[in-house]
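Hi,

Here is the structure I promised to pass on to you. Please have a look at it first, and my notes on what turned up in it follow underneath.

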Amino acid sequence: MIQSQYDFSMPGRVVFGWGRTKELPELIRPLGHRVHIFCGSRTILNTPEFSGLLDLLKDAGLELAEVELQTGEPTVQDVDRLAESKFRAGVSAEKGDVFLGIGGGSAIDLAKAVSAMVPNWELAEKNGPQSAPTVRYFLEGVGIGLKLEKDPIPTVFMPTTAGSGAEATKNAVIASHDPPFKKSLRDVRLFARAVLIDPQWTVRNSPEVTACSGMDALTQLFESFLSRKAAPIPQALAFQGLSLGFHALETAFRDPENREAREKMAHAAFLSGLCLANSGLGLAHGIAPALGMHAQVPHGKACALLLSHALRINADVCRERLLMLAAALFPNVFFSNEDSAVEKLIYEVNVLTNSLQIPRRLSEIGVRRDQLEAIAADSKGNSMNGNPKMLKESDVLQILEEIF
Ligand SMILES: [Zn+2]
């Protein structure tokens with residue numbers, strides 16, 4: 001049954017297509033003239049494609065500010081350092097500054113968080129209880145409840161991986177090592193003003209990046225489709241994303257230059273971001289941040305490992321939805337009964353996980369047994385609340401022990 005009320009929000013403009021990077025200046029020009037680039041990898045910085053991108057912007061008469069390199073998931077310190085320096089330099093939307101995030105989720109989330117903090121830095125200075133202003137005041141769960149007052153600097157995002165879907169979301173995930181946490185800065189104004197998805201950029205991704213980021217996208221699609229908090233539009237998008245992405249991921253992994261597979265995965269990843277921005281998720285996304293906090297497991301790798309386990313654990317309470325997916329993903333298979341359809345779906349997720357050479361046990365990705373209790377205790381929040389099956393902390397600990 002359709003919900004009688006729902007909201008749906010997304011980036012202001014979306015341009016998708018192979019080779020469409022050349023249209024970037026036209027997307028930026030209405031927003032400003034000085035471009036601050038946040039880039040997610042040294043490898044990208046040194047490619048001819050990146051030099052070509054800089055030339056493209058310069059030739060279009062746009063001014064380039066310094067390029068910020070973000071190699072890991074952004075921390076509170078990363079955001080504070082850049083927000084303060086850009087605030088002191090007088091960066092503002094009124095003066096024509098625009099932020100361009102190019103990379104995976106880390107670079108895009110950093111651009112998002114800094115775009116919000118520069119105009120609100122004074123607010124943090126005035127209202128914070130500490131002498132030093134920080135993005136932490138605004139973070140869910142660990143902040144002091146401060147809300148953004150001024151609009152963020154306009155942003156344009158260009159993903160170079162097909163995974164996190166960060167280009168489509170209104171939250172930036174910010175980490176801290178001491179004390180350990182991973183929390184979101186969330187505001188509907190954090191949606192990009194424009195997103196340019198050119199799947200050609202993903203051809204350079206290593207097989208491991210293709211596998212982990214692709215599995216993150218599939219996990220987001222599965223979990224939002226099955227979530228207790230599933231909303232109608234994301235559910236429709238997740239259905240299409242899975243129908244296209246499920247079979248394309250292994251092809252992209254084995255044949256990196258396969259254009260059709262790269263296009264399907266880039267599209268599926270973008271849809272997965274729209275889903276997570278507008279719907280609930282589940283168990284894998286409930287546990288993944290805690291694995292990052294306590295054992296430094298990158299988000300994509302954590303989700304990749306957890307997906308098949310999450311499906312198995314929830315199978316008995318979301319049977320009808322799994323049947324719909326089984327019918328869509330394997331249209332030519334005749335299922336003699338409902339059990340065999342659900343089993344086939346979970347079996348194929350396991351086959352895919354194995355063929356992508358993704359570790360299956362927590363002990364294989366650097367997690368220690370003595371960390372499991374803390375991981376279970378921190379596997380709470382929005383995502384876990386959307387999981388089809390209600391799980392207590394002791395249930396999560398048991399699951400972690402089973403998959404250790
Ligand atoms: Zn994710």
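**Salt bridges between parts of the chain**

R189 counts as partly exposed, since its relative accessibility is 30%. Before I go further, please keep in mind that this is a predicted model. D151 has a relative accessibility of 53% and therefore counts as exposed. The side chains of R189 and D151 form a salt bridge, with 3.1 Å from N to O. R189 sits in the loop between β7 (180–186) and β8, and D151 in the loop between α6 (121–127) and β5 (155–159), so this pair ties together parts that are 38 residues apart in sequence.

How many salt bridges does the structure hold? There are 23 salt bridges in the structure, and here are some others that you may like to find on screen. One joins the side chains of R204 and E49, again at 3.1 Å from N to O. This pair links distant parts of the chain, as R204 is in the loop between β8 (194–197) and α7, while E49 is in helix α3 (residues 48–59), 155 residues apart. R204 is exposed, at 51% relative accessibility, whereas E49 is partly exposed, at 39%.

Another salt bridge pairs D339 with R319, where the closest N and O atoms are 2.7 Å apart. D339 belongs to helix α13 (residues 338–355) and R319 to helix α12 (residues 319–329), so the pair ties together parts that lie 20 residues apart in sequence. Both partners are partly exposed: D339 has a relative accessible area of 41%, and R319 has one of 30%. There is also a network of salt bridges, which links R34, E63 and D97.

**The zinc site**

Which residues hold the zinc ion? Its protein donors are D216 (OD), Q220 (OE1), H285 (NE2) and H299 (NE2), and they lie 2.1 Å from the ion. Along the chain, these donors follow the spacing D-x3-Q-x64-H-x13-H. D216 and Q220 share helix α7 (residues 207–226), where they are 4 residues apart, or about one turn of the helix.

Are D216 and Q220 buried or exposed? D216 has a relative accessible area of 2%, so it is buried. Q220 is buried as well, because its relative accessibility is 2%.

Why is the arrangement around the zinc ion irregular? The 4 donor atoms subtend angles of 87 to 149 degrees, and that makes the arrangement irregular. Four donors count as tetrahedral if all angles lie between 85 and 135 degrees, so the upper end of the range, 149 degrees, falls outside that window.

**Two domains and what lies between them**

The chain divides into domain 1 (14–201) and domain 2 (205–402). Their centres, taken over C-alpha atoms, are 27 Å apart. In the interface, 24 residues of domain 1 are in contact with 27 residues of domain 2. About 1,900 Å² is buried between domain 1 and domain 2, with carbon and sulfur atoms giving 64% of that area. W18, A162 and K182 supply 28% of the area that domain 1 buries against domain 2, more than any other three residues. And what about charge pairs there? The rule finds 0 salt bridges across the interface of domain 1 and domain 2.

**Loops and backbone details**

A few backbone points are worth a look. Most residues other than glycine have a negative phi, and most peptide bonds are trans. The peptide bond from D178 to P179 is cis, with omega near 0 degrees, and P179 is in the loop between β6 (171–177) and β7.

Q296 has a positive phi, near 55 degrees, and is not a glycine. You will find Q296 in the loop between α10 (283–295) and α11 (299–314), where it is exposed at 53% relative accessible area. Q357 also has a positive phi, near 60 degrees. Q357 lies in the loop between α13 and α14 (372–377) and is exposed, with a relative accessible area of 61%.

Finally, A93 is in the loop between α4 (76–88) and β4 (97–103) and is partly exposed, at 31% relative accessible area. Leaving aside residues up to four places away in sequence, A93 touches I153 and P154. The C-alpha atoms of A93 and G32 are separated by 7.3 Å, although these residues are 61 apart along the chain.

Happy browsing, and all the best!

Technical notes: Residues numbered from 1 in each chain as written. Predicted model: local features only at pLDDT ≥ 70, side-chain atom pairs only at ≥ 80, totals over all residues. Heavy atoms only, no water. Donors = N, O, S within 2.8 Å, 3.2 Å for Na, K, Ca; no water. Tetrahedral: all angles 85-135°; square planar, octahedral: opposite > 155°, others 65-115°. Helix = DSSP H or I, 4+ residues; strand = E, 2+ residues; numbered from the N terminus. Buried < 20%, exposed > 50% of the residue type's maximum accessible area, 1.4 Å probe, protein only. Domains from an automatic or database assignment. Contact = heavy atoms within 4.5 Å. Buried area = accessible area lost by both parts, 1.4 Å probe. Salt bridge = Lys/Arg side-chain N within 4 Å of Asp/Glu carboxyl O.
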